[in-house]
Amino acid sequence: MLDQIKKASESGLVICFAGVGSAFAKKNAQTSMIIAKHGKTILVDAGTTIPVALQAKGIRITDFDAYHFTHSHADHIGGVEELLLLSRYFSKTKPTVIITEVFQDILWEKSLKGGCEYNESGLLRFSDFAHPLRPVWIRAQPREMYHLEVFGIDLVLFRTAHIPGNVAQWERAFWSNGLLIDHQVLFSGDTRFDPALFDDLYQGNPKITHIFHDCQLFSPGTVHASYNELKTLPGALRNKMHLIHYGDTYDQVDAVGDGFAEFAQPWKIYRLE
Ligand SMILES: [Zn+2]
Ligand SMILES: [Zn+2]
């Protein structure tokens, strides 16, 4: 399957989801996105269920050219320890990880260190396992953003308002980010309903054709955008919106009838031209 994605990406940007589910979904693997261009691949998020979802398609978690993790929840990083340990002890490689210094500290100190620090000799650090690739800080307002170009893919990382649930603005939220990919694809990451996100990113980027957006099927939305909240957005936004990070009751909802593009489908190859 990875070869198929790489081949499709020879002519340009391709997006494909290994999982489109919420943290607790069982019908779909947790939301994880593959970005591919000119045969190079980036895996965005690797939750606990992702190594198995990849294996079902003949892909190992170590098979990607680079990785990016949006925040510390296990449905986004539960597979990262496996990536780091397999890379160090089996494939003897250091995966390239697109990560800011701020989030690297959070990810290592609060999540990965417990399983990775004590190994063959002394105390290991994140940089013993991975090669960090640093996005460059662009601006603080109206929303903090970082930029990086890798494999000819233009990436803008932007902060989102995800956790805790009583925080409406990204400034007061714990680290979580979304991505603008090649000025064309807006990937929300995990976020509360945050209409300012569209003012900050969509309005200034007329080339955006696809919005992959976090969607919680039940209400109220607390740390995720609820389906009913997303339904209040203008039709011009909704019809570009492919819903991701959704729970198992999606077959009870008519997303297309409600003006959305669709519920994003796992392993569908989205060609952006
Ligand atoms: Zn999540
Ligand atoms: Zn989350």
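In what order do the seven strands of the open sheet lie? In this predicted model, the order is β6-β5-β4-β3-β2-β1-β15, and the pairing within the sheet is mixed. The edge strands are β6 (131-133) and β15 (270-271), each of which pairs on one side only. Strands of a sheet pair through backbone hydrogen bonds, in either a parallel or an antiparallel manner. Strand β1 (residues 14-19) runs antiparallel to strand β2 (residues 32-37), and the two are joined by five bridges; within this pair, F17 stands opposite M33 in β2.

Two packed helices are described by the angle between their axes and by the distance between those axes. For helix α4 (residues 80-91) and helix α5 (residues 101-116), the axes come within 10 Å and cross at roughly 45°, which makes α4 oblique to α5, since an angle of that kind is neither under 35 degrees nor in the range of 65 to 115. The crossing in which α4 passes α5 is right-handed. On the α4 side the contact involves V80, E81, L84 and L85, which meet L112, G115 and C116 in α5; by character, the residues of this contact divide into five nonpolar, one polar and one charged.

A further position examined is N177, which is found in strand β10 (residues 177-181). N177 is buried, because 27 other C-beta atoms lie within 10 Å, and a count of 20 or more is the criterion for that class. When residues up to four places away in sequence are not counted, N177 touches T70, H71, L157, F158, R159, T160 and G189. The C-alpha atoms of N177 and M145, which are 32 residues apart along the chain, are separated by 9.0 Å.

Note on methods:
Residues numbered from 1 in each chain as written. Chains lettered and ligands numbered in written order. Predicted model: local features only at pLDDT ≥ 70, side-chain atom pairs only at ≥ 80, totals over all residues. Axes fitted to C-alpha atoms, helices over the stretch in contact; angles between N-to-C directions. Helix = DSSP H or I, 4+ residues; strand = E, 2+ residues; numbered from the N terminus. Parallel < 35°, antiparallel > 145°, perpendicular 65-115°, else oblique. Left-handed = near helix turned anticlockwise from the far one by under 90°. Contact = placed C-beta atoms within 7 Å. Nonpolar A, V, L, I, M, F, W, Y, C, P; charged D, E, K, R; others polar. Buried ≥ 20, exposed ≤ 12 C-beta atoms within 10 Å, placed from the backbone. Pairing = 2+ DSSP bridges.
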